[in-house]
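Trainee: Hi! Could you walk me through this structure? I'm new to it.
Mentor: Happy to. Let's put it on the screen and start.

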Amino acid sequence: MKVIRSADELKAQIKREALFPVGFVPTMGALHEGHLSLVRIAAKECSLVVVSIYVNPAQFNNKDDLKNYPRSLEADLSMLGKVLAKNDIVFTPDDKEIYPVEDKRVFNFGNLGNVMEGLYRQGHFNGVAQVVSRLFEIAEPDLAYFGLKDLQQVAIIKEMVRQKGYKVRIVAAPIIRENDGLAMSSRNRLLTQELRNKAPVIYNTLSVAASMIQNCDIPEIKNYVVRTIEKTGGLSVEYFEIVDDKYLHPVNAKSEMKKRKSYFGCIAVWAGKIRLIDNIELQLV
Ligand code: AMP
């Protein structure tokens, strides 16, 4: 694989390769099996794979989170070296390559941007849209791969692609979990051992919620989820919402749900100072 730092050089190299389709996997590094699963899918489906590693300041609504975000470029490159082919590319730009001039664009995603992560992390999706649109304009991929761990991000990116008219197909890939069920995340490595031991309760509880939907109404399920996670100690639920799969519109009563249609139970949990998100698919049968 080739490691490229410059946006112009990346453009030129992709052009030189003249391969189709080009698959793109944007990441913020501190890679784990969740990221690698996206890279593996891209490698299977595409003739040329570009993986970017860039911690995007614009999407952090919290200065400490940006400062403490794990960075491990050497380990990342060694992991990617085992998955990527010789002509594939890792793009490791610095801030000047991504934002040569200040990006003042303001995106509007309507309801998609106003619920859950959009509500609790003001400006987050605007920053995500800024960086992803910039990366799409540099790499001009045919396919781009995103994890369903960030379910709302996938919906936002699809809407951004629609609004901007980019010719890229967005591929959403399943959540990869640790053996104990905790969704893999770069932030997991920031957890204390005690909170790491407790964190699997998040997915275990979501799994129970997914089966409760057949017999219980939504307020009861929400109550159960918050109570079960918080009684573990050290964990605090920021939100738990059940939303439809397309517009991410929160559903507050089971009577609003259609049978055999996909909904997602989405959660954000503070584990000490670390914020974790996860989700699970729910269906009324
Ligand atoms: P990040 O580096 O956190 O910005 O994530 C880069 C990409 O990897 C995003 O599309 C994430 O949704 C995806 N991703 C992160 N964790 C996981 C996971 N556990 N399973 C699947 N995809 C993931």
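Trainee: How many residues of domain 1 are in contact with domain 2?
Mentor: 24 residues of domain 1 touch 19 residues of domain 2, where contact means heavy atoms within 4.5 Å. Keep in mind that this is a predicted model: local features need pLDDT of at least 70, side-chain atom pairs count only at pLDDT 80 or more, and totals for chains, interfaces and linings use all residues. Residues are numbered from 1 along each chain as its sequence is written, and side-chain values use heavy atoms, with hydrogens and water left out.

Trainee: Where are the two domains in the chain?
Mentor: Domain 1 covers 2-173 and domain 2 covers 186-280; the bounds come from an automatic or database domain assignment. Their C-alpha centres lie 26 Å apart.

Trainee: And how much area do they bury between them?
Mentor: About 1,800 Å², with 58% of it on carbon and sulfur atoms. Buried area is the accessible area (1.4 Å probe) that two parts lose on being put together, summed over both. On the side of domain 1, M116, Y120 and L151 lose the most, together 31% of what that side buries.

Trainee: How many salt bridges are there between the domains?
Mentor: The count is 2. A salt bridge here is a side-chain nitrogen of Lys or Arg within 4 Å of a carboxyl oxygen of Asp or Glu. E117 pairs with R275 in a salt bridge, their closest N and O atoms being 2.8 Å apart. There are also 12 residue pairs in polar contact across the interface, both residues at pLDDT 80 or more. A polar contact is a pair of N or O atoms within 3.5 Å; within protein, one must be able to donate a hydrogen and the other to accept it, and residues adjacent in sequence count only if both atoms are side-chain atoms.

Trainee: Which elements of domain 1 give two or more residues to that side?
Mentor: α3 (63-68), α6 (117-120) and α8 (151-164). The largest share, 3 residues, comes from α8. Helices (H or I, at least four residues) and strands (E, at least two) are DSSP runs, numbered from the N terminus.

Trainee: Changing topic: which residues are closest to the ligand?
Mentor: M28, H35, D150, I176 and M184, out of 17 that surround the ligand, meaning that one of their heavy atoms lies within 4 Å of it. The side chain of H35 has an N or O atom 2.9 Å from a ligand oxygen. A backbone N or O atom of G147 is also 2.9 Å from an oxygen atom of the ligand, while one of M184 lies 2.8 Å from a ligand nitrogen.

Trainee: Is the peptide bond from F20 to P21 cis or trans?
Mentor: That bond is cis, with omega near -5°. P21 sits in the loop between α1 (7-17) and β2 (22-27).

Trainee: Last one: how many salt bridges are in the whole structure?
Mentor: The search finds 15. One of them joins E17 and K2, with closest N and O atoms 3.6 Å apart. E17 lies in helix α1 and K2 in strand β1 (residues 2-4), so the pair ties together parts that are 15 residues apart in sequence.
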